[in-house]
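Work through these exercises with the sequence and the model open. Each one sets a task and then solves it step by step.

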Amino acid sequence: MLADLATPLTYVFAFLFVLGVVIFVHELGHFLAARWCGVEVETFSIGFGPQLAGFRDRQGTLWRLAALPLGGYVKFKGDENAASMPDAEKLATLTPEGRRGNFHTAPLRHRAFIVFAGPLANFVMAFAVFSLFFMTVGRTIIDPRVSAVEAGSAAERAGLKPGDRVLQIGGSVIRSFDELQRVVMQSPNQELLLLVDRDGVSTALRATPELREVDDRQGGTVKIGVLGIVRSNAPDDIRRETYDPLTALSLGLNETWFQIQAPIIFIRNLIAGQGDANMLGGPIRIAEISGKVASAGFDKLIWLTAVISVSIGLLNLFPIPILDGGHLLYYGIEAILGRPLSQAAQEVGFRIGLVLLVMLMIFATKNDVSRYF
């Protein structure tokens, strides 16, 4: 009986761990920035809905754990709700004491910094995790050497041959087969300039990855760019590497930047008709992946947490009202006009943003459910 429960419990705990850490780091970014700027924080909540547990710190902030763990928020002095909406009438009648520590009377640069600090904290956390991994756990390096070429594939048409070692793609140095795959996967139907080492001679080739639907190893399929080559499994082409602190920091920065670029490239390909919207996933998808990754090892779950942290940080920067990016958009308009948008305009924007987020959540959940039927 306990063995039967082990897998479901692993999935639940892994999901709560990943989401809890990412949300906590995001909201902690807002919290620390607010404290630094002299803005009072009334509530720090992990989750929404009824409070399960909580306490107040010496500054009067209520730290709470709520029943629905699908998000969180920091409520500042002057906020009327979790979306950080002000009340224009109350702001106009505030006393000097009421204005002190109020988020909405803080200088514009402070408000923008506090809002941006949430996504920034997600990026910093991911950078720290990636860098630490490269220093301690290291990574497996498989040389970008071709052991076989699929007949009729893009690789064969480009002239790639077994034994070729890819040195560069578009001028960027390729150090591992993983790096080669990443570029190819994100470049369907786009011509790539390859520099390969063939028997000690550098040869330039042009290849255009095909858009194919392949198994995603999670029970579904994804559409990605494919060349049609097989990596080398020769012992001499596989090694494990750990790095000194400076190199690890550089690799951590590169990995963070890659994780930021990946969703943007996906959206670009989607707009160009070369992506698949069914690849979008929601909480069920995160829970599924978290459980499977946790079963493979806690270190892999930590890495996944960093990857999702980048995604959450980037999502929050989208210029959609109700998200951090929407607030920053409003502040940009305020900087240009010299005054904030009217409360009516802001409320309309927040309603539109809420509708967009709900529609996105419904679509992502539909994708999750459809994977099982």
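**Exercise 1. Two helix crossings**

In which hand, left or right, does α4 pass α7?

Solution. This is a predicted model: local features need pLDDT of at least 70, side-chain atom pairs count only at pLDDT 80 or more, and totals for chains, interfaces and linings use all residues. Residues are numbered from 1 along each chain as its sequence is written, and side-chain values use heavy atoms, with hydrogens and water left out.

Step 1. Find the helices. α4 covers residues 108-136 and α7 covers residues 245-271. Helices (H or I, at least four residues) and strands (E, at least two) are DSSP runs, numbered from the N terminus.

Step 2. Take distance and angle. Two packed helices are described by the angle between their axes and the distance between the axes. The axes of α4 and α7 come within 7 Å and cross at roughly 135°. Axes are lines fitted to C-alpha atoms, for helices over the stretch in contact, and angles run from 0 to 180 degrees between N-to-C directions.

Step 3. Classify the angle. Under 35 degrees counts as roughly parallel, over 145 as roughly antiparallel, 65 to 115 as roughly perpendicular and the rest as oblique. α4 and α7 are therefore oblique to each other.

Step 4. Read the hand. The crossing of α4 and α7 is right-handed. A crossing is left-handed if the near helix is turned anticlockwise from the far one by less than a right angle, and right-handed if clockwise.

Now classify the crossing of α4 and α10.

Solution. The axes of α4 and α10 come within 9 Å and cross at roughly 160°. The two helices are therefore roughly antiparallel. Their crossing is left-handed.

**Exercise 2. Check a helix length**

Compare the expected span of helix α9 with the distance between its end C-alpha atoms.

Solution. Step 1. α9 has 19 residues, 298-316. The expected span is 1.5 Å times one less than the number of residues.

Step 2. That rule gives 27 Å for α9, and its end C-alpha atoms are 27 Å apart, so the two agree.

Step 3. List residues that are buried. Buried means under 20% relative accessible area, exposed over 50%, partly exposed in between (1.4 Å probe, protein chains only). In α9 the buried residues include L301, L304, T305, V307, I308 and L314.

**Exercise 3. Aromatic pairs**

How many aromatic pairs does a search of the whole structure find?

Solution. Step 1. The search gives 14. Rings of Phe, Tyr and Trp (its six-membered ring) pair if their centres lie within 6.5 Å; planes under 30 degrees apart count as stacked, over 60 as edge-to-face and the rest as tilted.

Step 2. Work one pair. The ring centres of F31 and F44 are 5.8 Å apart and the planes stand at 80°, so this pair is edge-to-face. F31 lies in helix α1 (residues 2-36) and F44 in strand β1 (residues 41-56), 13 residues apart. F31 is buried at 5% relative accessibility. F44 is buried too, at 1%.

Step 3. Work another. Y330 and F350 are edge-to-face, at 5.6 Å centre to centre and 85° between the planes. This pair links helix α10 (residues 324-337) to helix α11 (residues 343-370), across 20 residues. Y330 is buried at 9%, and F350 is buried at 8%.

Step 4. Look for a cluster. Ring pairs link F24, F31, F44, F55 and W63. F24 lies in helix α1 and is partly exposed, at 36%.

**Exercise 4. Positive phi**

Locate D199 and I322, and state the phi of each.

Solution. Step 1. Most residues other than glycine have a negative phi, and most peptide bonds are trans.

Step 2. D199 has a positive phi, near 55°. D199 sits in the loop between β7 (192-198) and β8 (201-207). With 78% relative accessibility, D199 is exposed.

Step 3. I322 has a positive phi of about 100°. I322 is in the loop between α9 and α10. With 26% relative accessibility, I322 is partly exposed.

**Exercise 5. Far in sequence**

What separation in space do the C-alpha atoms of K292 and T7 have?

Solution. Step 1. K292 is in helix α8 (residues 283-296). K292 is partly exposed, at 31%.

Step 2. K292 and T7 are 285 residues apart along the chain, and their C-alpha atoms are separated by 9.1 Å.
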